[in-house]
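Subject: Structure for you to look at

Dear colleague,

Here is the structure I promised to hand over. Please open it beside this message, and then read on for what was found in it.

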Amino acid sequence: MRWQWPAVVALCIAIGCGDNITVTDDCGSCSSPAQIACEGRTEGVRCSVADVGTGICVHGGCVIPICGNGIIEPNEACDDGNTNSSDGCNATCTSNETCGNNFIDPREVCDDGNTTAGDGCNSNCMSNETCGNGYRDPFEVCDDGNTLNGDGCGATCRTEKTCGNGLLEKDLGEQCDDGNSTNNDGCDANCRLE
């Protein structure tokens with residue numbers, strides 16, 4: 001007896017192959033699209049299942065991660081059981097939302113993959129380490145939030161030797177320096193004691 005394709009599918013479904021299964025013509029084996037996607041491929045390589053998504057071959061099948069199911073699957077950094085960001089795992093399960101993971105999360109300004117200061121992103125991922133950002137980074141003596149010269153902190157975030165910069169500079173003849181140029185506050189505008 002010669003089998004017709006619809007009859008083979010009906011027979012295989014009847015014996016347990018199920019829906020969405022590719023069936024051989026003798027019904028000797030039934031393969032899922034996930035198995036077919038990884039057939040002859042090595043463990044850990046990318047695979048794709050039509051109308052489902054992209055994943056990784058694991059134990060002969062294409063495992064496609066589902067963010068929010070509470071299981072850390074291939075290509076996921078975390079999975080906390082939901083798809084909300086800012087709760088320890090972002091909405092796409094690609095970041096555990098910690099500084100130093102090389103992923104810029106919503107509460108971060110930068111993230112260079114570590115928490116080392118002095119390499120371009122500060123240790124709490126809240127500032128790119130550049131002069132004028134308002135944070136005194138490790139390579140800076142001062143940072144007043146701009147790169148203007150003449151205001152006490154220069155364009156390279158080095159203190160300018162001037163009265164009113166908040167640093168007592170005796171080589172300039174200062175007796176005091178209260179960080180301003182206001183008279184009648186104990187230290188006058190020429191950095192002399194009043």
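**What was found**

Please keep in mind throughout that this is a predicted model.

**The chain as a whole**

The protein chain contains 2 helices and 5 strands, and when they are read from the N terminus on, the order of the elements is α-β-β-α-β-β-β. Of its 194 residues, 26% count as buried. If you take the contacts between residues at least 6 apart in sequence, 8% of them join residues that are at least 24 apart.

**The sheet**

A good place to begin is the open sheet, in which 3 strands are arranged in the order 3-4-5 with antiparallel pairing. Strand 3 and strand 5 are the edge strands, each of them pairing on one side only. On average, and with direction ignored, neighbouring strands of this sheet are turned by 50° against each other.

Strand 3 covers residues 46–49 and strand 4 covers residues 53–58, and these two antiparallel strands are joined by 4 bridges. Two of the residue pairs can be followed by eye, since Arg46 has Ile56 of strand 4 as its bridge partner, while Val49 has Gly53 of strand 4 as its partner. The two strands form a hairpin with 3 residues between them, and in that turn Asp51 has a positive phi of about 65°.

On the other side of strand 4 comes strand 5, residues 61–63, and the two pair in the antiparallel sense over 3 bridges. Here Ile56 stands opposite Val63, and Val58 stands opposite Gly61. Ile56 is therefore a residue you will meet twice, because a strand residue can have a partner in each neighbouring strand: its partners are Arg46 in strand 3 and Val63 in strand 5. This second hairpin has 2 residues between its strands, and His59 lies in its turn.

**The core beside the sheet**

Strand 3 has two faces that can be told apart, a covered one with Cys47 and Val49 and an uncovered one with Arg46 and Ser48. This pattern can be understood from a general rule, because the side chains of a regular strand alternate between the two faces of the sheet.

The two residues of the covered face, Cys47 and Val49, also belong to the largest nonpolar core, which has 7 residues and further includes Ala37, Cys38, Cys57, Cys62 and Ile64. Helix 2, residues 33–38, and strand 3 each supply at least two residues of this core. Cys62 is a useful residue to select in the viewer, and if residues up to four places away in sequence are not counted, it touches Ala34, Ala37, Cys38, Cys47, Ser48, Val49, Gly55, Ile56 and Cys57.

**Two residues with a positive phi**

Most residues other than glycine have a negative phi, and for this reason the following two deserve a careful look. Where do you find His59? His59 is placed in the loop between strand 4 and strand 5, and although it is not a glycine, its phi is positive, at about 50°. Cys191 lies in the segment after strand 5, and it too is a residue other than glycine with a positive phi, near 60°.

Is each of them buried or exposed? His59 counts as exposed because its relative accessibility is 73%, where the cut-off is over 50%. Cys191 counts as buried because its relative accessibility is 0%, where the cut-off is under 20%.

**Two acidic residues after the sheet**

Asp105 is found in the segment after strand 5, and it is buried yet has no salt bridge, with Arg107, the nearest side chain of opposite charge, 7.4 Å away. Not counting residues up to four places away in sequence, Asp105 touches Ser95, Glu97 and Thr98.

Glu160 also lies in the segment after strand 5. Why does Glu160 count as buried? The reason is that its relative accessible area is 16%, and buried means under 20%. Its contacts, leaving aside neighbours within four places in sequence, are Asn149, Gly150, Asp151, Gly152, Cys153, Gly154, Asn165 and Glu169. Of these, Asn149 is 11 residues away from Glu160 in sequence, and the C-alpha atoms of the two are 7.9 Å apart in space.

With best wishes

Note on methods. Residues are numbered from 1 along each chain as its sequence is written. This is a predicted model: local features need pLDDT of at least 70, side-chain atom pairs count only at pLDDT 80 or more; totals for chains, interfaces and linings use all residues. Side-chain values use heavy atoms; hydrogens and water are left out. Two strands pair if DSSP finds at least two bridges between them. Axes are lines fitted to C-alpha atoms, for helices over the stretch in contact, and angles run from 0 to 180 degrees between N-to-C directions. Buried means under 20% relative accessible area, exposed over 50%, partly exposed in between (1.4 Å probe, protein chains only). Lys and Arg count as positive and Asp and Glu as negative; His and the chain ends are not counted. A salt bridge is a side-chain nitrogen of Lys or Arg within 4 Å of a carboxyl oxygen of Asp or Glu. Contact means heavy atoms within 4.5 Å. A nonpolar core is a set of buried Ala, Val, Leu, Ile, Met, Phe, Trp, Tyr and Cys residues joined through side-chain atoms within 4.5 Å.
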